[in-house]
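The following exercises concern side-chain contacts and helix faces in a single protein chain. Each task is followed by a worked solution that proceeds step by step.

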Amino acid sequence: MQQDWERRHDFVALEGLPLPSMLQPAFAGKRLTSAELLTGGKCNTNYKIRIEGLTDTFVLRIYVRDISACERERDLFALIGKHIPVPEIVYSHMEDDQLPLTYAISHWVDGILFSDIQQSNDLTAINEGAYAIGETLAHIGNYTFPHAGFFGPNLTITGSDENNQNAFLTYFKQFLFADHAGQHLGPERTTRLWRFLEAHATDFQALDGATTLVHSDYKGFNILVRQQQQHWKVAAVLDWEFAMAGSQLMDIGNMLRYEHLLPPDFERAFMAGYRDQGGHLPPHWKQITKLVDLLSLCEFLSKPAPGAALITEVTALVDHTLDQWSTFA
C-alpha cells in the first residue's frame, strides 16, 4: 500500500515565481512571510504559505499537468462546497500574457491524511475514518449530470465516456496493446488478463446510465480527516483534477484497491458509511469495482517508462485481482 511512485513533473521552484504579482490580487498590499513545499502528489506543486498580518494559513497550488484542472476545481468547489468538505478557494488565475502561470490560492485545512491513519495501528481511527469517508462518498453521489463524460468549461460534459462493455474493452485494448501496459506486464500475464476481461465484459453493463459526480482519485492520499467531538470525520477531500461524471463504483474501487492489506473492518466500515447515507450498490458490486480498477491499473502502466516501483506494485495488484476473483463475489 505504499504507492511510493516517482513524480510525473518536477516541483516548481519558489525562487522562480513572480510571487508579488501572484499574491496581490488575493492579498493586496501584503507580502509573503513563509512558504513550505508540500511534497505530496505526483504532478502539481503546492506550497503552504503565510501572509503578513493574517492569522489564517493558505495553500498556493500551481497547476502543471493540466491547467484546465484549475478552472474545474474552482467550479466544482463552488457547486459542492456547502455540502462536501473541500478547501475554500480564495483566488484562482488561468495563465495569460501578463502572467503565464495557472494557480489557485485556498485556505489551509487542518487534518491528517487518511493514508497516514491507514498506516497506523489505531483501529478506532481507521474504522471511524473509513465510515466517514464512505458517508462523504455517498453525499458526493447526490450530484448528477445529464450524461457521463469528462468536464469541460463550466462543468459541461465535453466528451461522452460511454459506460458499456465495448467502450471499456476498447480502453483496455489501447492500454495493453497499442500503448505499453502489455510490455510491462509481460506476454503471459497480458494474455491471461485479456482473456479474463473478455470473459467478464458484460459485467461492465452495471455502469450503464450512471451520471453521478466521480472524484476519480478517491483514496487516503487525497482525504484529510480530523477528530471532531471525539470522532474521526472528513475534514476535506482534495485534488479533484480528474473528476468526471460516471459511476461511483470507480471511486469505491479506488478506495478498496489495497483492502487486502488493511484490517478487515476497514472495508466493512467504509461500505457501511456509504450505504447508511443512501449509496447505491448493484449485485456483485465488489467484482465490478475490481474490474473498473483494473482499467486504472493498466492506464498507470501505459506510459513507456512508468518506473520500477510502479510496475512492481501495479503488477502485484493485477495478479491479486485475477487470483482472488472468486473471493470478491
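Phe114, Phe266 and Phe270 form one aromatic cluster. The model in which this cluster appears is a predicted one.

**Exercise 1. Aromatic pairs**

Classify the geometry of the ring pair Phe145 and Phe151, and determine whether each residue is buried or exposed.

Solution.
- Step 1. The structure contains 11 aromatic pairs. In the pair of Phe145 and Phe151, the ring centres are 4.9 Å apart and the planes make an angle of 65 degrees.
- Step 2. Planes over 60 degrees apart count as edge-to-face, so the pair of Phe145 and Phe151 is edge-to-face.
- Step 3. Phe145 has a relative accessible area of 13% and Phe151 has 6%. Buried means under 20%, and therefore Phe145 is buried, as is Phe151.

**Exercise 2. A ring with two partners**

Describe the arrangement of Trp325 and Phe328, then state which charged residue sits over the ring of Phe328.

Solution.
- Step 1. The ring centres of Trp325 and Phe328 lie 6.4 Å apart, with the planes at 90 degrees, so this pair is edge-to-face.
- Step 2. Both Trp325 and Phe328 are buried.
- Step 3. Lys290 places its charged end over the ring of Phe328, at 5.2 Å from the centre.
- Step 4. A further contact involves Lys48, which lies over the face of Trp108 at 4.2 Å from the ring centre.

**Exercise 3. Salt bridges around the loop between α8 and α9**

Identify the helix to which salt bridges connect Arg257 and Glu259, and assess the burial of the residues involved.

Solution.
- Step 1. Arg257 forms a salt bridge with Asp293, the closest N and O atoms being 2.6 Å apart. Arg257 belongs to the loop between α8 and α9, whereas Asp293 is in helix α10, 36 residues away in the chain.
- Step 2. Asp293 and Arg257 are both buried.
- Step 3. Glu259 and Lys286 meet in a salt bridge with an N to O distance of 3.6 Å. Glu259 is in the loop between α8 and α9 and Lys286 is in helix α10, so this pair ties together parts 27 residues apart in sequence.
- Step 4. Glu259 counts as buried at 11% relative accessibility, and Lys286 likewise counts as buried at 11%.

**Exercise 4. Helix α7 and its link to α11**

Determine which residues of α7 are buried, where they lie around the axis, and how Arg192 connects α7 to α11.

Solution.
- Step 1. Helix α7 has 13 residues and spans 18 Å from its first C-alpha to its last, close to the 18 Å expected.
- Step 2. Its buried residues are Thr190, Leu193, Trp194, Phe196 and Leu197. They cover an arc of only 160 degrees around the axis, which puts them on the same side of α7.
- Step 3. In an α-helix with 3.6 residues a turn, residues three or four places apart point the same way.
- Step 4. Pro187, Glu188, Arg195 and Ala199 are exposed on the other side of α7.
- Step 5. Arg192 forms a salt bridge with Asp323, with 2.9 Å between the closest N and O atoms. The pair links α7 with α11 across 131 residues of the chain.
- Step 6. Arg192 is partly exposed at 40% relative accessible area, and Asp323 is partly exposed at 49%.

**Exercise 5. A salt-bridge network**

State how many salt bridges the structure holds, and which residues are linked in a network with Glu241.

Solution.
- Step 1. The structure holds 16 salt bridges.
- Step 2. Arg65, Asp66 and Arg72 are linked with Glu241 in a network of salt bridges.

Key: Residues numbered from 1 in each chain as written. Predicted model: local features only at pLDDT ≥ 70, side-chain atom pairs only at ≥ 80, totals over all residues. Heavy atoms only, no water. Salt bridge = Lys/Arg side-chain N within 4 Å of Asp/Glu carboxyl O. Helix = DSSP H or I, 4+ residues; strand = E, 2+ residues; numbered from the N terminus. Buried < 20%, exposed > 50% of the residue type's maximum accessible area, 1.4 Å probe, protein only. Expected span 1.5 Å × (residues − 1). Arc of directions from axis to C-beta. Phe/Tyr/Trp six-rings, centres within 6.5 Å; stacked < 30°, edge-to-face > 60°. Lys NZ or Arg CZ within 6 Å of the ring centre and 35° of its normal.
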